[in-house]
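Open the structure in your viewer and keep the selection panel at hand. The stops below tell you what to select and what is there.

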Amino acid sequence: MAGMSLRLESIYRRYGKVMAVNDLSLELPAGKFITLLGPSGCGKTTTLNLIAGLDQADGGSIHMGERDITRVPPNERGMAIVFQNYALYPHMSVFDNIAFGLRLQRRPKPEIQSRVRHTAELLAIEHLLDRRPGQLSGGQQQRVALGRAMVKKPAVFLLDEPFSNLDAALRARMRTEVKHLHQTLGTTSVFVTHDQEEAMTLSDLIAVMRDGKLVQYGTQHEVYGKPRDMYVATFLGKPRMSLIEGSLERHAAGVVFTAPDVRLELGTAESIGLRDGEWPRVAAGLRAEDVSLGAPGGLSFDAQVALLEPIGSDTFVELEVGGATVVARVPPEDPVAVGDRVTAVIKPGRVHLFDLDSTERIVR
Ligand SMILES: Nc1ncnc2c1ncn2[C@@H]1O[C@H](COP(=O)(O)OP(=O)(O)OP(=O)(O)O)[C@@H](O)[C@H]1O
Ligand SMILES: [Mg+2]
C-alpha cells in the first residue's frame, strides 16, 4: 500500500502567548518521505501531533486523501506514530509490545502471529521477541518501537526524532534502515528532526520550519541548491554556507559583487536571474564544494589560509579575506598550510546572493 496523501491547510496552534504553529499549509504526497526540519521549539512536534490527532488545531484543516480528518479521533486516522522516547510497555515482551495494537483491533490470533513475525523479520529482531524492553539495547528498543508502528500497516507513518537517543554510528545505521523500509513499504512518512544531515539523506521532500512557520518546502536538491533566504542557506549544509557582506554594482558588462578585497564579475542581471529592485546591502553565499584553490582569473579572489580541517576524503580550508571567512574544499593531498596566501576560485554560476535587509534570495 502506497499510503495516503495529506494536506494541511492554514493550521494554527497557540499555547498561551506562543504561536507554536502559525498558518502552516503543506501538501504531503502519497508514498513520499517528508521531513519537518527546524531548530528546537519551531513547532515540529506540535505539527506531528496535530496530524496524528493527539492535539487539536485552533484553526485550519487537515485532509487525508479527499477526507477532512480535522475532527477525526486519532485511532480512526489509520496512522502510527513513533516517539523519541520509544514509549514501550516495560512489563510486556517484545512480541506483546508489537502485537498490542493488533490485539486492540481484535485481530485473529494466527494473523497476529504472522504479522508480528513478519515485522520482526523485516527489522531483524526475531530473536528478541521473548525479551522485555529493559533487556534490550537502545537501538533494539528503537526497532521494537518501529515494529509496533509498522505492524498496523498504517496509511501514514509519523516519526518524531526517533533516533535522537542513539549514538552517532547507530543513528546513521537506523537512518539507512528506515530508508530501506520506506522503499520496501512505500508508506507515506512524516519524519521530524532538527538534524539537517538526517533530513537530507532520508527525505523526498523537506519542509524547513522556523517559529511555527514554513520557510521553504521542496526536494533536498531545491532547498540545498536554491535556499530562499539566509536562514535556510545556513541551516542546511556542513560546513555552513560562507557569507560575504558587500554590495552590487551594475555595469554595462554586467553585475559585479564587491566587498573588501573581493570583486566578482557575476555576468548580466539576466543570466544570473537577478530580481528587480534596489539592493543596497547584499551577502554573497558560497558553499565549500563550490570554492577551490587555484590560479587567478574568472571568479576568484586572493585570501589567507586561517585554519585546516581535514575530514579524510577532503580538507576544508578556512580562508580569511577582508574580514570575511570563506571555507573552501580541497583534495586531502593538496599542500596548503595556515598562513599561506592563496587564490580562491569559485565555480561559475554558484554564487548565491541575498538581500541583507530582508535576508531573501535575490537571484534565481
Ligand atoms: N503543551 C504545551 N504548552 C505550552 N507550550 C507548548 C506546549 N507544547 C509546545 N509548546 C511550545 O510550542 C513551541 C513549539 O513546540 P514543539 O514541541 O512543537 O517544538 P519542536 O520543534 O518539536 O522542538 P524540539 O526540537 O525541541 O522537539 C515551543 O515554543 C514550545 O515551548
Ligand atoms: Mg519536538
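The tour starts at the ligand and ends in the loops.

This is a predicted model, in which local features need pLDDT of at least 70 and side-chain atom pairs count only at pLDDT 80 or more, while totals for chains, interfaces and linings use all residues. Residues are numbered from 1 along each chain as its sequence is written, chains are lettered from A and ligands numbered from 1 in the order in which they are written, and side-chain values use heavy atoms, without hydrogens and water.

**Stop 1: ligand 1**

Select ligand 1 and the residues around it (a heavy atom within 4 Å). You should pick up Tyr15, Val18, Ala20, Pro39, Ser40, Gly41, Cys42, Gly43, Lys44, Thr45, Thr46 and Glu161. Five of this shell are nonpolar, five polar and two charged. Here Ala, Val, Leu, Ile, Met, Phe, Trp, Tyr, Cys and Pro count as nonpolar, Asp, Glu, Lys and Arg as charged, and the others, Gly among them, as polar.

Now zoom in on the backbone. A Gly41 N or O atom sits 2.8 Å from a ligand 1 oxygen. For Gly43, the distance from a backbone N or O atom to an oxygen of ligand 1 is 3.0 Å. A polar backbone atom of Cys42 is 3.2 Å from a ligand oxygen. Strand S2 (18–28) and helix H1 (44–52) each give two or more residues to the shell. H1 gives the most, three. Helices (H or I, at least four residues) and strands (E, at least two) are DSSP runs, numbered from the N terminus.

**Stop 2: Glu198**

Go to helix H6 (residues 196–202) and pick Glu198. Is Glu198 buried or exposed? Glu198 is buried, because its relative accessibility is 3%; buried means under 20% relative accessible area, exposed over 50%, partly exposed in between (1.4 Å probe, protein chains only). Beyond neighbours within four places in sequence, Glu198 contacts Phe163, Arg171, Arg175, Phe191 and Thr193. Contact means heavy atoms within 4.5 Å.

**Stop 3: the loops**

Select Lys238 and Pro239: a cis peptide bond joins them, with omega about 0 degrees. Pro239 is in the loop between helix H8 (230–235) and strand S11 (242–251).

Next, take Arg106, in the loop between helix H2 (94–104) and helix H3 (109–122). Arg106 is not a glycine, yet its phi is positive, about 55 degrees. Arg106 is exposed, at 74% relative accessible area.

Finish at Asp211, between strand S9 (205–210) and strand S10 (213–218). Asp211 has a positive phi near 50 degrees. Asp211 is exposed, with a relative accessible area of 58%.

Notes. Polar contact = N/O pair within 3.5 Å; in protein donor to acceptor, adjacent residues only side chain to side chain.
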